[in-house]
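Student: I should like to understand how descriptive terms are assigned to a protein model. Could the reasoning be shown step by step?

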Amino acid sequence: MYSDFNNQLLNIFRCGFAFSIVYLLWPFFLFNDRQLSLDGFVSRYAKMVFLTIVLGYVLIVLKLYEVISLVAIFFFLSLYKATNGGLWRRKSKVSANRGINWFFDLLDGQVHIGGTIRKGLNRFAFVFQQVLFNNFGSFVAVANSLLFAAVFLFSSYLRFYDAIMHAAPAMSDAYVTLAWMKYMDQRLLFHDGIYPQGFHIYLSIIRKFATNDHLYILKYIGPMNTVLITLGLYFFILKITKQILPAIMAAFVFGVLGGSITGIEWSRQVSTNSQEFALVFLLPAWYFILSYLQSSNKSYLWTAFVCCGIIGLVHTIVFLFLIIG
């Protein structure tokens with residue numbers, strides 16, 4: 001039964017695991033910006049989405065669109081990045097020698113696995129404490145963080161309730177999205193006419209790694225997108241105003257009040273459409289464009305470029321909003 005707890009738990013885990021591997025973990029190995037901050041998360045996520053959409057287009061045209069092809073490309077890109085200016089950069093030879101020496105020391109019994117694991121856990125605990133201290137070091141910061149968490153969690157509940165309890169898509173448009181996602185799996189582009197296929201490639205890639213039925217991917221990703229719009233609104237207001245309370249209020253108005261005050265009906269906020277996916281990147285695109293104009297930092301320019309590229313590959317009208325914004 002669709003709404004059975006064990007069934008939902010299994011499918012949510014598989015979908016979440018696939019999303020985490022492709023869009024959260026792998027970008028750490030592919031891109032240079034690895035800071036543990038909201039800026040870093042948005043930047044890495046946007047770059048990975050852009051990369052996977054472009055790869056999807058290329059592999060579908062070449063009829064090589066399979067999980068093994070994606071994994072192989074990600075692996076070789078990660079390896080290239082690590083050895084040519086990424087994780088190891090100029091220290092790649094030193095790191096390789098250290099790895100070889102550590103391996104032979106392990107064979108000789110000079111390295112104890114338990115001690116190595118203990119050192120790693122201690123280092124992780126130290127970094128975790130530093131993150132907590134830097135971000136939650138005062139009572140006001142803790143209160144603001146709890147307030148935002150409450151808004152974020154409740155807005156997530158409002159959107160995911162339908163996805164978990166009801167199998168039918170929230171809007172008729174979602175049936176088209178479901179069909180086009182399946183066309184991507186069959187390596188068919190523009191089956192029903194010329195329309196940006198970026199979102200459907202994104203859905204298909206998550207399904208390939210999760211191996212869920214298409215329906216579960218459709219039902220989960222729609223609510224997730226509008227939750228990410230809420231997060232993007234919070235991110236944009238926070239960065240522009242440098243104040244957390246206006247950002248929380250903006251997230252509350254869109255995330256919790258939703259259609260009752262904004263006029264955006266709830267069915268759109270739980271359905272899976274390319275327009276909402278494009279809107280995830282609209283405010284971050286403006287923020288990174290503004291940040292580049294203020295700082296001339298090229299990393300901001302590249303992130304702004306990929307955000308604009310995603311919107312162009314996903315939804316034409318939102319791309320128009322981006323241009324006239």
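Tutor: The discussion below takes up helix crossings and then cysteines.

Tutor: This is a predicted model, in which local features need pLDDT of at least 70, side-chain atom pairs count only at pLDDT 80 or more, and totals for chains, interfaces and linings use all residues. Residues are numbered from 1 along each chain as its sequence is written, and side-chain values use heavy atoms, with hydrogens and water left out.

Student: Why are H7 and H9 called oblique to each other?

Tutor: The axes of H7 (residues 173–185) and H9 (residues 214–241) come within 10 Å and cross at roughly 125 degrees. Angles under 35 degrees count as roughly parallel, over 145 as roughly antiparallel, 65 to 115 as roughly perpendicular and the rest as oblique. H7 and H9 are therefore oblique.

Student: Which residues of H7 and H9 make the contact?

Tutor: With contact meaning heavy atoms within 4.5 Å, H7 contributes Ala174, Thr177, Leu178, Met181, Lys182 and Asp185, while H9 contributes His214, Leu215, Ile217 and Leu218.

Student: How do you know that Cys308 is not bonded to Cys307?

Tutor: A disulfide is a pair of cysteine sulfur atoms within 2.5 Å. The sulfur of Cys308 is 6.9 Å from the closest cysteine sulfur, that of Cys307, and this is too far for a bond. The structure holds 0 disulfides.

Student: What makes Cys307 buried?

Tutor: Buried means under 20% relative accessible area, exposed over 50%, and partly exposed in between (1.4 Å probe, protein chains only). Cys307 has a relative accessible area of 0%, so Cys307 is buried.

Conventions: Axes fitted to C-alpha atoms, helices over the stretch in contact; angles between N-to-C directions. Helix = DSSP H or I, 4+ residues; strand = E, 2+ residues; numbered from the N terminus.
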